[in-house]
Amino acid sequence: MTDTAPCRRWLVQVCRHRSCQRHGSVQVLAAFRQHQSRWILVAETGCLGQCSSGPTVRIMPDDTWYCQVTPEDVPQIVAQHLGQGQRLRSRLHPRFHPPEGPNSLPE
Ligand code: FES
């Protein structure tokens, strides 16, 4: 957490069902677990219903959906989204977050 980031606890859900697993969700899960803390809880889930665009990651409580996440994306998601409150636009799932939408988190 940075000094300016809102004080939040995060739940990072990483799909480990078949399709996402085929596309590397085990490695994505491991990468997020390296950042697990009292502020960041990382959990594996079953299918989140977005199989064609996995690995799927959902972040709560702001209900952010990321698609095609790679282990290399994880440090940036952690720093930018969880640390600074700015979604990582390049991996936002367009079904939930239209490209013209804001990338700031709701208050
Ligand atoms: S297998 Fe991951 S969203 Fe369906």
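Two residues count as being in contact here if their C-beta atoms, placed from the backbone, lie within 7 Å. Keep that in mind for the packing exercises, and remember that this is a predicted model.

**Exercise 1. Work out the order of helices and strands along the chain.**

Solution. Start with the tally: the protein has three helices and four strands. Now walk from the N terminus, and the elements come as β-α-α-β-β-β-α.

**Exercise 2. Lay out the sheet and find its edges.**

Solution.
- Step 1: line up the strands. The four of them form an open sheet in the order β2-β1-β3-β4, with mixed pairing.
- Step 2: look at the ends. β2 and β4 each have a single partner strand, so one side of each has no neighbour in the sheet.
- Step 3: check the twist, which averages 20° from one strand to the next.
- Step 4: zoom in on one pair. β1 and β2 run parallel and are joined by six bridges. Across from C15 you'll find T45 in β2.

**Exercise 3. Find which residues of α2 are buried, and what they pack against.**

Solution.
- Step 1: set the cut-off. A residue is buried if 20 or more other C-beta atoms lie within 10 Å of its own.
- Step 2: pick out the residues. In α2, the buried ones are S25, V28, L29, A31 and F32.
- Step 3: look down the helix axis. The buried residues of α2 fall within an arc of 160°, so they line one face of the helix.
- Step 4: see what that face meets. The buried residues of α2 pack against β1, α1 (18-22), β2, β3 and α3.
- Step 5: place the helix on the sheet. α2 lies across β1, β2 and β3, and runs at about 160° to β1.

**Exercise 4. Do the same for α3: which residues are buried, and what covers them?**

Solution.
- Step 1: go to residues 74-84, which make up α3; V74, I77, H81 and L82 are buried there.
- Step 2: view α3 down its axis. Its buried residues sit within an arc of 80°, so they line one face of the helix.
- Step 3: list the cover. It includes β1 (10-15), α2 (25-33), β2 (40-45), β3 (57-60) and β4 (64-66).
- Step 4: step off the end of the helix. After α3 comes G85, with a positive phi near 75°.

**Exercise 5. Zoom out: what share of the protein is buried, and what share of the contacts join residues at least 24 apart?**

Solution. For burial, the figure is 24% of the 107 residues. For contacts, take those between residues at least 6 apart in sequence: 61% of them join residues at least 24 apart.

How values were computed: Residues are numbered from 1 along each chain as its sequence is written. This is a predicted model: local features need pLDDT of at least 70, side-chain atom pairs count only at pLDDT 80 or more; totals for chains, interfaces and linings use all residues. A residue is buried if 20 or more other C-beta atoms lie within 10 Å of its own, exposed if 12 or fewer, and partly exposed in between; C-beta atoms are placed from the backbone. Helices (H or I, at least four residues) and strands (E, at least two) are DSSP runs, numbered from the N terminus. The arc is that of the directions from the helix axis to the C-beta atoms. Two strands pair if DSSP finds at least two bridges between them. Axes are lines fitted to C-alpha atoms, for helices over the stretch in contact, and angles run from 0 to 180 degrees between N-to-C directions.
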